[in-house]
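Hi,

Here is the structure I promised to pass along. Have a look at it first, and my notes follow underneath.

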Amino acid sequence: MKKWVVANWKMNGSQDLLNAYKNAFSNLDNLIVCPPFVYIDKFGINLGAQNVHHLPNGAYTGEISAQMLADVGINYCLVGHSERRQFFNESDDLVKAKAVQCQESGITPIICIGESLSDYLNGQTSQVLSQQLNNCFPSSLKFWIAYEPLWAIGTGKTPTMSEIAAVHDMLRSHLPNVVLLYGGSVSSANAAEIFTISNVNGVLVGGASLDIETITKIYDFA
Ligand code: PGA
């Protein structure tokens, strides 16, 4: 079965990168691109947002609701990315509220979870992930999960393949039918191996998604 590739540009990219994606990819149903909002554009590729507000509408200058995302044809939205949790103080409760808003608008939330370096070094990974599972998952199971160890994001470090497999096996035992992604320093050098892990349904790619040749290689492995 084909694996998913989700490209998270974060606050990077340009019209040129958008055009490069348009030229490289078209009508590929296992690629989802999450550009910054100003580049959100329909171009035959599944689109995801990087963030959404937790309320349906109102006087919240500068914010964007899930209904608006759905209105312009966006089908997926990252919620609870560790950079949102760290730099914008997003709590598990807020992440859950955002996920519910997405679901109510017909958007699939991709809920990001992951342990810190100290949790990892102290052998606390599964406890931390279970806590996040309990605190930020909505009652409806229409969501995806991205497991992203905080210490692997943008660092060039990743857990071993057996560690990634163990976490995904644990998640799968709780969530038999949920799409499970791995994220954190995914590159053209490690993607093929990550895709061989049976409970990994795809990858969430940050830095490597900004280079069209690299993301094309990763996509080809999928
Ligand atoms: P990275 O980011 O691929 O640059 O490590 C992944 C992410 O934060 O989603």
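Let me start with H6 and H7, keeping in mind that this is a predicted model. On the H6 side, the residues that touch H7 are Thr125, Ser126, Leu129 and Leu133. Their partners in H7 are Val167, Met170, Leu171 and His174. Sorted by class, that contact of H6 with H7 comes to five nonpolar and three polar residues, with no charged ones. If you want to find the pair on screen, H6 covers residues 125-136 and H7 covers residues 161-174. Their axes come within 11 Å and cross at roughly 35 degrees, and the crossing of H6 with H7 is right-handed.

There's a second helix pair to look at, H1 (residues 15-24) and H9 (residues 212-221). Here the axes come within 10 Å, again with a crossing angle of roughly 35 degrees. H1 passes H9 in a right-handed crossing too. Ala20, Tyr21 and Ala24 are the H1 residues in this contact, and H9 brings Ile212, Ile215 and Thr216. By class, the contact of H1 with H9 has five nonpolar residues, one polar and no charged.

Now the ligand, which is probably what you'll open next. How many residues surround the ligand, and which are the closest? The count is 13, and the closest are Lys10, His81, Glu148, Gly154 and Ser185. Split by class, this shell has seven polar, four nonpolar and two charged residues.

A few distances for your notes, each from an oxygen atom of the ligand:

- Lys10: 2.7 Å to an N or O atom in the side chain.
- Gly154: 2.6 Å to a polar backbone atom.
- Gly207: 2.8 Å to a polar backbone atom.

So what about the ligand's accessible area, and how much of it does the protein cover? On its own the ligand has 280 Å² of accessible area, and the protein covers 95% of that.

That's what I have on the two helix pairs and the ligand. Shout if you'd like to go through any of it together.

Cheers

Definitions and conventions: Residues numbered from 1 in each chain as written. Predicted model: local features only at pLDDT ≥ 70, side-chain atom pairs only at ≥ 80, totals over all residues. Heavy atoms only, no water. Axes fitted to C-alpha atoms, helices over the stretch in contact; angles between N-to-C directions. Helix = DSSP H or I, 4+ residues; strand = E, 2+ residues; numbered from the N terminus. Left-handed = near helix turned anticlockwise from the far one by under 90°. Contact = heavy atoms within 4.5 Å. Nonpolar A, V, L, I, M, F, W, Y, C, P; charged D, E, K, R; others polar. Near = heavy atom within 4 Å. Polar contact = N/O pair within 3.5 Å; in protein donor to acceptor, adjacent residues only side chain to side chain. Areas by Shrake-Rupley, 256 points an atom, 1.4 Å probe, with all protein chains shown as cover.
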